[in-house]
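Biologist: Could you take me through one strand of this protein up close, and then show me how the rest is packed? I'm new to this, so please explain the terms as you go.

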Amino acid sequence: MKTLSLLICLSVPSFAIGAEEFATIQPLVQKYCVRCHGPVRQKGDTRLDRLTELDAATFETVYEQLAGGLMPPDDQRQPTSVERTKLMQHVLEIAKMNSPITAPGLRRLNKREYGNTVQDLLGLRNGTFDPSEYIYDDEIDEGFDTAAESLVISNELLMEYMDAAEKSLRHALFTDATTKPAAKAINVRVGRMAGVGGGRYINNHKDHVICRSGGKAMVYDGLATRTMRFPGRYTITVTAAGIDRDHYPVRFAPEKGPVLMGFGVKQDVAASVSSESTLLKTFELKDDVDQTFQFDAWIDKDHFPYFSFVNGSGKPISQVRSNIRRRKLPASAMNQPYRGPGIRISSFKVEGPFLDEWPAASIRTTYDSDNIPNLAVPAVREEVILRFADRAFRRRVSNAEVAPYLAYLNKQQRSGTSWHDATIKTFAAMMSSVDFLYIREGQGELDAYELANRLSYFLWSTMPDAELFALAKSGTLKEPTVFRQQIVRLLNDERAARFSNSFADQWLSLEQLGSMPPDAKGEFREYYRQNLEPAMLEETRRYFRYVLNENRSVRDFIDSDYSFVNRGLASLYGVPFPEKTNGFVKVTFPRNVKRGGLLGHGSILTLTANGVETSPVERGVWVLADLLGTPLPPPPKEVPAITPDLNGAETVRDLLEKHRSDKACIECHRRMDPLGFALEAYDPIGRFRTRYSKTQSVSTEGNYLGRDFADVDELKQILVSDIRPFARNLVIRIAEYAKGRKLVAADYATVESIVNETDEVNYQLKDVVIAVATSDLMTSR
């Protein structure tokens with residue numbers, strides 16, 4: 001262990017920061033810290049009276065506690081602001097001396113970045129084909145999915161990358177012909193349409209097909225003609241009706257509203273990891289009246305179109321059983337063919353492909369040329385490989401670097417492979433290399449190409465576009481004014497939603513939403529009837545994007561008077577929703593509605609519950625760790641897991657008060673319990689409540705940072721009264737997402753500079769992001 005004994009001596013300070021700095025630290029530590037972290041007591045298993053025996057990691061922890069306003073505890077004597085600032089500065093200097101930056105020079109593209117990069121490299125943006133479907137999810141133990149140390153690679157993963165690359169290239173370079181594919185018309189024989197997921201609920205007749213099952217059931221052309229050989233825009237013509245709404249004396253799903261028919265596309269091979277279908281459109285059908293719909297849809301190569309019963313029951317027979325139990329149907333109904341609601345398709349025609357330009361966008365983008373190259377010419381082959389390498393490796397590539405790939409291309413062709421297939425195999429090899437799969441960065445300050453890559457993957461989760469590449473090639477990207485202009489350009493682009501969604505999901509642990517879903521049959525049925533889970537996720541994502549795009553203060557994350565809701569969330573929150581309006585709208589909450597800020601979002605309140613009941617501990621831990629960035633330390637080593645005597649406890653507050661009476665528990669619970677108590681005003685799906693039951697009232701009062709509060713509104717006022725610790729944590733989290741590593745003591749001086757700078761503009765989020773992006777946290781490795 002490195003210790004400060006090499007640098008300092010209690011009697012004669014001799015370490016590098018000088019005697020004056022040591023003389024500042026020693027009396028302040030003695031005055032404010034030693035009472036709880038000295039020879040008699042060592043809270044948190046930490047002793048601070050022996051400064052010479054502490055390592056850099058301990059000094060870094062001390063700095064974090066001071067910067068977060070967590071130490072000294074609110075019930076102890078507090079240093080003045082001048083004393084706290086001095087102590088922080090000198091503690092940080094000591095920590096930095098033995099905490100060098102050890103950032104890796106390589107970071108693998110994560111799954112999101114890989115899919116986006118391949119699509120942009122090959123021009124595969126029109127359809128639903130997703131290259132990342134061919135690789136498994138990243139296993140991230142802690143932190144963001146951009147963390148280099150978590151993004152390892154294995155032989156199995158490398159094989160998946162090789163397979164994904166070749167499949168993606170065959171979608172992009174879908175033909176070796178130099179002429180546009182001719183459009184054709186296919187009149188599907190509806191009586192022979194096939195189905196999947198519906199079983200006996202998909203019925204074929206001579207002149208029509210019926211699908212009575214919802215869920216994952218679908219119907220499609222039963223012949224080999226269903227699969228598209230070429231990607232492109234296809235014209236779909238379908239005639240359909242809703243049927244048998246009233247066959248039974250009781251209505252089955254959908255009980256109200258029209259039958260909805262869905263149209264989507266699905267890959268015709270089970271090679272992808274997910275092999276998911278994609279619903280593209282829905283149509284309202286009239287009961288027993290045929291309607292003809294005609295529309296255009298992009299269908300990728302090796303995909304086929306399908307239709308589905310969107311709002312039908314996924315388990316139709318269960319509706320029969322439940323109504324027999326309720327005596328609304330006779331028991332004999334189980335022995336008869338099922339005749340519940342469904343969709344009837346009586347004609348289906350596919351025409352295409354229609355390509356508005358030739359060569360197609362994917363061919364032009366992959367070759368980086370407006371013309372299909374003549375690969376039989378050696379000079380053309382060399383130019384094609386070099387251009388592709390520049391874009392795939394995201395930097396200038398020398399002739400010597402591409403020589404092995406050019407040799408491989410020629411070898412493939414000599415073995416009997418066409419130039420077209422040989423090029424695909426060569427490009428696939430390049431896309432399976434370290435140069436493509438990893439982001440490379442040298443030591444110290446980033447060069448122009450490295451800077452372009454870091455900025456693009458930070459805000460767009462993909463490779464740089466043509467403008468960024470051009471500025472990197474000229475070197476002008478390194479000019480501060482130009483670099484800032486590019487940051488603003490990327491933030492104002494719709495692709496910045498990738499940063500918004502990905503960062504918000506991981507910062508707030510939104511990926512955990514749905515991991516412990518509420519009981520579908522109990523008091524939380526509204527969660528499913530209103531389809532609230534995706535709506536909750538969308539609300540929080542829209543909220544983050546709004547704060548960023550409108551450059552609102554980060555205070556809005558703690559408290560505001562607005563959010564974005566659809567009809568289901570408006571019902572859950574008890575707020576008015578405009579009539580004849582669908583989708584999401586921005587609403588202003590009335591004063592009596594305790595929402596506003598992230599702590600009122602259904603997503604947060606649901607993911608911090610277990611689907612059955614709420615826990616002040618779980619919600620308090622989430623607020624501390626995820627929202628405020630001040631996670632609790634692990635319990636002391638000498639304290640085993642215990643079960644306190646809870647006899648006589650009645651309410652949730654009683655249970656925790658009893659628990660806190662144990663000395664081993666009080667320090668952590670005094671921080672997290674008050675936060676959780678305030679959120680007890682919301683049930684497991686985020687509905688506001690004042691009672692647990694007829695006999696138990698909800699109690700939301702508490703004390704946080706030495707200040708009393710009565711409810712969640714007053715708690716939020718405490719949190720926003722000193723927003724700096726929250727803003728500082730947000731700066732750190734954004735920087736860690738962008739850099740792909742945890743920040744260390746050597747980074748914190750820049751963090752403090754950013755926090756000071758953005759304090760002048762009230763911590764407006766876009767300004768915070770720009771300040772991070774222009775700092776040496778971004779411009780240096």
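Modeller: Let's start with a pair of strands: S8 (residues 259-267) and S11 run antiparallel and are joined by seven bridges. Two strands pair if DSSP finds at least two bridges between them. One of the residues involved is Lys266, whose bridge partner in S11 is Phe304. Before going further, this is a predicted model, where local features need pLDDT of at least 70 and side-chain atom pairs count only at pLDDT 80 or more, while totals for chains, interfaces and linings use all residues. Residues are numbered from 1 along each chain as its sequence is written, and side-chain values use heavy atoms, with hydrogens and water left out.

S11 covers residues 303-309, and seven of its seven residues are buried. Buried means under 20% relative accessible area, exposed means over 50%, and partly exposed is in between (1.4 Å probe, protein chains only). In a regular strand, side chains alternate between the two faces of the sheet. In S11, His303, Pro305, Phe307 and Phe309 point one way. Phe304, Tyr306 and Ser308 point the other way, and they are buried too. The strand names come from DSSP runs numbered from the N terminus: helices are H or I with at least four residues, strands are E with at least two.

Now zoom out to the packing. A nonpolar core is a set of buried Ala, Val, Leu, Ile, Met, Phe, Trp, Tyr and Cys residues joined through side-chain atoms within 4.5 Å. The largest one here has 197 residues, and Ile345, Trp507, Phe557 and Leu627 have the most contacts inside it. Its largest share, nine residues, comes from helix H24 (residues 724-739). A second, separate core has 10 residues, including Tyr201, Ile317, Ile324 and Leu329. Back in the big core, take Phe557: leaving out residues up to four places away in sequence, its contacts (heavy atoms within 4.5 Å) include Trp507, Tyr543, Phe726 and Leu730.

And the whole thing? The protein has 27 helices and 17 strands. Its radius of gyration is 31 Å, close to the 28 Å that the globule rule gives for 781 residues, so the protein is as compact as a globular protein of that length. That radius is taken over C-alpha atoms, and the rule is 2.2 Å times the number of residues to the power 0.38. Of the 781 residues, 52% count as buried.
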